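Reader: Could you take me through one part of this model closely, namely the second largest cavity, and set it in its surroundings? I would like the cut-offs along the way, please.

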Amino acid sequence: MTSSERAPGRGTAVVMGGGLAGLAAAWALRGFAERIVVVERDRYPAGAEFRAGVPQGRHAHLVLEAGHRLLEEMMPGIRQELTAAGAQRVAASDVQWLCAAGWLAEYPAQVSFLSCTRPLLDKLVLDRIRAHPAIEILEGTDVVGLLGSAGVVTGVKVRSRGSAHDSERPGDGSERGSANGTTHGSANGSAHDSANGSAHDSVRSSERGEVREIPAELVVDAAGRSTSVPKWLAELGCPPVPEERVDAGVAYASRIFHRPTGSELGPGRAAYLQTKAPDEPRMGVLLPVEGDRWVVSLAGMRGAEPGPGEEGFTEHLGLLRDPLLHELLRDAEPAGGIRGFHPGPGVRRHYERSSPDGLVVVGDAASTFNPVYGQGVTVALFCARELRRTAKRHGGIGHATARAARHAVAAASKIPWMISCAEDARFRATTGAPSGSLVGLQHRFFDKVLAASTRDPAVTSAFHEVMSLVAPPSLLFRPPVLAAILRA
């Protein structure tokens, strides 16, 4: 069928980026686009293995309860598949959580999450995508530009990366390995194998090699935090996309351990030692993952970053607010090396204010957060949900869908962004953070919430629901909860 014979608004959708945000967006568009092309710069590993394009995947990865509920709604049965593959169910009350005000109160929590390594989650989602006949994945391919004008994006330009070796590169942010130095790469994790293209994709040559043009009615940017789309839009004559930028200077060091036999922290339990602003900017988290292992991530805001290698990791453990993690790891055998990660600043791009038709931006390409709050994957799934809702409402992938989706994506990321930025603002070395009396009032109220959460299970439950993005912050203002907070 030629493009002229397709039903309006139901032609080709191109998704730039084959990470979790891009795969979820592609899945959301099934049934509304006749052809969905996912362009991924990497070549996927055969199994649930770490890959260069997702350096953050080696660190403690959390899909919040709201994200897991949505993923199960999108892909029924995936929760059971994750559990069968070894993912651990962790109730919120099974997290030994040291917040800024102390240890959270114990109670029988209803909120929980599944804990596993990022490669396992990615692999099971990818398996669903590969099985769908309308979704085509081009691996080992770069997106090198956009087609269209300042008023409308009409497709993408792609170029094959060649051999599998050419596709190996780091993705979002930069990663440091304890043994082999530091590697850096862009977050532009989307591209597709040119050999798998369709006959109607026009081909032209350039000095950089063969470039194909893939016309599309909808282009979805899911290429991550270092996406080139803002630069490409400028080349089309578009005005700069308005953005907010907040940088707490966070850096990570992570390692996987075998859980010691007889450990006081049993299966399905986790530990989180939070920062206490402004004077204690270090944190540590331990999550259970498949294979009876723990993934342990240490982090520090600017000026308190973990040092390199074994010495830096051990030193950071000793500088945490409580010795819990240090004691738990005393008899734990490492299952791999120490990996560092510098995610870069949090950025929120307002495409709903300025964007050509035919373009939607999702995931980290639209809003990227300080990873210590664990919001990124869940917000990416929110974006996919909004994309599907708008496509359903408008009956396809036309310009009306793109315009509505841009506003819906912005709305879905607003509260997580406010939470992340307000907490980052507590640290003196943070740049670009919001300030003023309203932020100060927010801090004082949240301090009362934390204080009450250490003593009153009803407040602890509400706090868990808000931080898990299951409920909006307004839950904390419901009369019974607010009364308990004010009593504290």
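**A closer look at one cavity**

Author: Happy to. The accessible surface of the chain comes to about 19300 Å², and 51% of that belongs to carbon and sulfur atoms; these areas come from the Shrake-Rupley method with a 1.4 Å probe, and for residues only the protein chains shown count as cover. This is a predicted model, in which local features need pLDDT of at least 70 and side-chain atom pairs count only at pLDDT 80 or more, while totals for chains, interfaces and linings use all residues. Residues are numbered from 1 along each chain as its sequence is written, and side-chain values use heavy atoms, with hydrogens and water left out.

Of the 488 residues in the chain, 59% count as buried (under 20% relative accessible area, 1.4 Å probe, protein chains only). Among contacts with a separation of 6 or more, 74% are between residues 24 or more positions apart, a contact being heavy atoms within 4.5 Å. The chain has 12 helices and 24 strands, which are DSSP runs numbered from the N terminus (helices H or I, at least four residues; strands E, at least two).

Now to the cavity. Rolling a probe the size of a water molecule over the atoms shows where empty space is left. Here a cavity is a set of points, on a 1 Å grid over the protein atoms alone, where a 1.4 Å probe fits but cannot get out. Six cavities of 30 Å³ or more turn up by this rule. The second largest holds about 160 Å³ of space, a volume being the space filled by probe spheres set on the points, which are joined across faces, edges and corners.

Its lining (residues with an atom within 4 Å of a point) is made of 18 residues, and Pro45, Glu49, Arg51, Pro119 and Asp122 lie nearest the centre. Helix α4 (118-130) and helix α1 (20-28) each give at least two residues to this lining, with α4 providing the largest share, five residues. By type, the lining has nine nonpolar, four polar and five charged residues; Ala, Val, Leu, Ile, Met, Phe, Trp, Tyr, Cys and Pro count as nonpolar, Asp, Glu, Lys and Arg as charged, and the others, Gly among them, as polar.

Further along the chain, strands β8 (141-148) and β9 (153-160) run antiparallel, joined by seven bridges; strands pair if DSSP finds at least two bridges between them. Four residues separate β8 and β9 in this hairpin, and valine 143 stands opposite valine 158 of β9.

Technical notes:
On a 1 Å grid over the protein atoms alone, a cavity is a set of points where a 1.4 Å probe fits but cannot get out, and a pocket is an open set with protein on both sides within 12 Å along at least five of seven lines; lining residues have an atom within 4 Å of a point. Buried means under 20% relative accessible area, exposed over 50%, partly exposed in between (1.4 Å probe, protein chains only).
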